[in-house]
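Biologist: I am new to reading protein models. Could you take a close look at one part with me and walk me through what is there?

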Amino acid sequence: MMKQLARAAACLTIGALFLSGCSMLTAQGRQERAYTRYVHKMSAGRVKQQKRFASKGNTMPITPMSEPTVSSEGSGPESVGDGNSAAGESGGQ
């Protein structure tokens, strides 16, 4: 009975070594696990940041709209034209 149990355990152990789960012990497997942890950590941080920003709401102060003011005193010329043509014409003679 004990011999059969030992033989079954040995067969299970050998079978487990050939399964794909052992590929995680290779260099590429370690890199894949590290990348998976990195992606998980970054996505969790992004979700946490989005929740934090959503809880704060709109923090921009709302300023009342004021009437536009037109200044009559200018620091330079108001038009660039030569002054000979009227405002709506094409400028030809």
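Modeller: Let's start with Tyr38, keeping in mind that this is a predicted model. Tyr38 has a relative accessible area of 49%, and it counts as partly exposed because the exposed class begins over 50%. Tyr35 has a relative accessible area of 56%, so by that cut-off Tyr35 is exposed.

Now look at how these two residues are placed. Tyr35 and Tyr38 both belong to helix H2, which covers residues 27-56. They are 3 residues apart, or about one turn of the helix.

What do their rings do? A search of the whole structure turns up 1 aromatic pair, and Tyr35 and Tyr38 form it, with 6.5 Å from centre to centre. The planes of the two rings make an angle of 35°. The pair is called tilted because stacked planes must be under 30 degrees apart and edge-to-face planes over 60.

Next, follow the surface around the two tyrosines. Tyr35, Tyr38, Val39 and Met42 make a nonpolar surface patch of about 420 Å². Met42 is also found in helix H2, and its relative accessibility is 38%. Why can Met42 be part of such a patch? A patch residue needs over 30% relative accessible area, so Met42 passes that step with its 38%. Met42 still counts as partly exposed, as its value lies between 20% and 50%.

Elsewhere in the model, you can find Arg52 lying over the face of Phe53, at 5.6 Å from the ring centre.

Finally, step back to the whole protein. The protein has 2 helices and 0 strands. Of its 93 residues, 1% count as buried. The accessible surface comes to about 9500 Å², and carbon and sulfur atoms account for 59% of that surface.

Notes:
Residues are numbered from 1 along each chain as its sequence is written. This is a predicted model: local features need pLDDT of at least 70, side-chain atom pairs count only at pLDDT 80 or more; totals for chains, interfaces and linings use all residues. Side-chain values use heavy atoms; hydrogens and water are left out. Rings of Phe, Tyr and Trp (its six-membered ring) pair if their centres lie within 6.5 Å; planes under 30 degrees apart count as stacked, over 60 as edge-to-face and the rest as tilted. Helices (H or I, at least four residues) and strands (E, at least two) are DSSP runs, numbered from the N terminus. Buried means under 20% relative accessible area, exposed over 50%, partly exposed in between (1.4 Å probe, protein chains only). A charge sits over a ring if NZ of Lys or CZ of Arg is within 6 Å of the ring centre and within 35 degrees of the ring normal. Patches are made of residues with over 30% relative accessible area and no salt bridge: like charges are joined within 9 Å, nonpolar side chains (Val, Leu, Ile, Met, Phe, Trp, Tyr) within 5 Å. Accessible areas come from the Shrake-Rupley method with a 1.4 Å probe; for residues, only the protein chains shown count as cover. A salt bridge is a side-chain nitrogen of Lys or Arg within 4 Å of a carboxyl oxygen of Asp or Glu.
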